[in-house]
Amino acid sequence: MTGWTGKMLNVDLTSGRIWREDIPVDFLHLYLGGRGLGVRLMRDYYSLAPFDSNMPLVFAVGPLCGTQAPTSARLSVISRSPLTGTIFDCSAGGRFAWRLKAAGLDAIRITGCSSRPVVLSIQGEKSDFLPAKRLWGKGIKETVALLADLGSVAAIGPAGENGVLYANIMMGEGNSLGRGGLGALMGAKGLKAIAVNGDAKVTVVDPVRFYRARSDVMRLFNASPVIFGEMGIARFGTPALVDIMRQRRMAPTENFTKTVFEESDNYSGPAINLNFEAKKDGCYGCPIQCKKSTPNGEHLPEYETVSHFGGLNKISNLAAIVRANTLCNELGMDTISAAATISAWGEALGRFQDAEELPGLLNDTALRRGSGELLALGSRRLTVELGRPELSISVKSLELPAYDPRGAYGMALAYCTSNRGGCHLRAYTISHEILRKPVPTDRFSFSGKARIIKIAEDTNAVVDSLVACKFSFLGATLEEYAGLLSATTGLEYSPQLLVEIGNRICMTERFYNCTNGFTKADDYLPERFFDEAGSSGEGIKVPPIDRAKFDEELLKYYRIRGLDTHGAFHDSNWLEKQP
């Protein structure tokens, strides 16, 4: 194998048929893998309803997976989100991706619905279904343990089985394919887990060039203060951001009614390290190791989780936050949407939940009992049911993560232009607005942000298709990864060519969404951010966002993308002209 295997496993759960087929070479060369390949494979299905049995669930690795390219032992899962209705993808690292590639596959495309719970077992060239009745209802940890002899495992918990709209697919090592509820699609298909193993090796066409590019990447990692600095993510994990966001007065608090939580130091990176004797952890083969776990192996929460179960819900108890994270992982639920939905519910009720109430609420949500029946719907549907839709702090029904947009205007716009909904990972403007990398920009200005976001979205589409970790690009650039890709495949990829591929992926996603009814009205923030100020103080003023300036920059974004003033395509046949 050189980069790609060129093979996809098709799985029809309705008929019980499993077969391998060749992936068209152009799909690989022009969409790379991961997110891009998955988006291309969705072309004949994207208008189906998420829970239609024919809706595919695509698992796809990238051309660098199986090599020594840093942070490349990752995969993406792509489908249409039951929470948002948008085309959706999630990414996670770990041995599963590595072993899927070693089984001779670039992708798995799963359709249909099984009449009984099953596990898909992929053992090298052999694939089969195993009965999973005994696993149905079990949590992630026990499910993974019972399937461990079959290799690496991706599984759903009770939340996915019961159709929680933000249910995750959990990887056996603790990583999550989070956000958007793709675990609910897996549950609706009757697929409890996938277990994979293989022993095929990936060869590199030009080893000398490859290891030179790899050395460049590692040198840039080591030079990055955000990655390996004294307060970097390699030392404290992503909760290193807690203190930064508090100092910048943009930490979402009490369902985004405030932007400072005075007790946030209780769950900062140093506090977690001290109170839980945190040790370094991370994805398989990753040199950064940004995750943290306890000495007994319990995975500790990352920044979005501590912030949302913390300040967003007015909770300062670190032990309760860690417990909520562990429960979500065990039940198979996205921590951002779970915490944000509970927060919106708390504001609607007139009181935020106490720390000791969280376990009961999370269990009820996963089992869809009592109040959990509403909480399982996500914040938009919940607040509509309660007659308070303005309390859902979401874009395209996806709950916003832990960066208040009043404190970073690029992030405000990026939440709205993101094809999958209110996501910070499509164009992580925090890198330059807050972390000042690669160059600082004025966080309280929209000037130039439309063009920056367009470039960042295209770049991140490439990163998600290679598939590499976003944190790599807090140090390295597409130039180094283009070298790794060219050396691996024997095909010449320049950074500019990669950005063109990223643009094709982003525009295809937007075309899918527009065809499915998304309009300019969906590219908008909740009214709270235009009407209410953040928590000013300490020499920092956090005013409401200027609506006119936001609208002006959104129109600039549309123009740069080649869209009309409504965010739609000038050419209704655009997709037919794409490779």
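Which helices and strand each supply at least two residues of the lining of the second largest pocket? Figure 2 has the answer; all the views come from a predicted model.

**Figure 1. The whole protein, to get your bearings.** Welcome to the overview of this predicted model. Its secondary structure amounts to 24 helices and 16 strands. The radius of gyration is 22 Å, close to the 25 Å that the globule rule gives for 579 residues, so the protein is as compact as a globular protein of that length. Measured out along the principal axes, the C-alpha trace would fill a frame of about 60 × 50 × 50 Å. Of the 579 residues, 62% are buried. Take the contacts between residues at least 6 apart in sequence: 70% of them join residues at least 24 apart.

**Figure 2. The second largest pocket and what lines it.** Here you are looking at about 390 Å³ of space. The lining has 16 residues, and those closest to the pocket centre are Lys141, Gly297, His299, Asn329 and Glu330. To settle the opening question, helix H4 (140-147), strand S10 (169-171) and helix H13 (318-331) each supply at least two residues of this lining. H4 gives the most, with four residues. Sorted by class, the lining holds five nonpolar, seven polar and four charged residues.

**Figure 3. The largest cavity.** Rolling a probe the size of a water molecule over the atoms shows where empty space is left. In this protein, four cavities of 30 Å³ or more turn up, and the largest has a volume of about 70 Å³. Residues lining the largest cavity include Val242, Met245, Arg246, Phe261, Tyr267 and Tyr303. Helix H10 (241-247) and helix H12 (303-309) each contribute at least two lining residues, and H10 gives the most, with three. The class tally for this lining is seven nonpolar, four polar and one charged.

**Figure 4. The second largest cavity.** This space has a volume of about 50 Å³. If you would like to find it in your viewer, select Lys396, Asn419, Arg510, Asn513, Cys514, Phe518, Thr519 and Asp523, which line it. By class, the lining comprises two nonpolar, three polar and three charged residues.

**Figure 5. Helix H20 and the cis peptide bond at Leu466.** H20 covers residues 449-466, 18 in total, and reaches 25 Å from its first C-alpha to its last, close to the 26 Å expected at 1.5 Å a residue. This helix is mostly covered, with 14 of its 18 residues buried. Look next at the bond between leucine 466 and valine 467: it is a cis peptide bond, with omega about -10°. Valine 467 sits in the loop between H20 and helix H21 (478-489).

**Figure 6. Two loop residues with positive phi.** Lysine 314 belongs to the loop between H12 and H13. Its phi is near 60°, a positive value in a residue other than glycine. The other residue in this view, serine 397, also is not a glycine, yet has a positive phi of about 75°. You will find serine 397 in the loop between strand S15 (394-395) and strand S16 (398-399). Is serine 397 buried or exposed? Its relative accessibility is 10%, and buried means under 20%, so serine 397 counts as buried.

Technical notes. Residues are numbered from 1 along each chain as its sequence is written. This is a predicted model: local features need pLDDT of at least 70, side-chain atom pairs count only at pLDDT 80 or more; totals for chains, interfaces and linings use all residues. Side-chain values use heavy atoms; hydrogens and water are left out. On a 1 Å grid over the protein atoms alone, a cavity is a set of points where a 1.4 Å probe fits but cannot get out, and a pocket is an open set with protein on both sides within 12 Å along at least five of seven lines; lining residues have an atom within 4 Å of a point. Grid points are joined across faces, edges and corners, and a volume is the space filled by probe spheres set on the points. Ala, Val, Leu, Ile, Met, Phe, Trp, Tyr, Cys and Pro count as nonpolar, Asp, Glu, Lys and Arg as charged, and the others, Gly among them, as polar. The expected span of a helix is 1.5 Å times one less than its number of residues. Buried means under 20% relative accessible area, exposed over 50%, partly exposed in between (1.4 Å probe, protein chains only). The radius of gyration is taken over C-alpha atoms; the globule rule is 2.2 Å times the number of residues to the power 0.38. Contact means heavy atoms within 4.5 Å.
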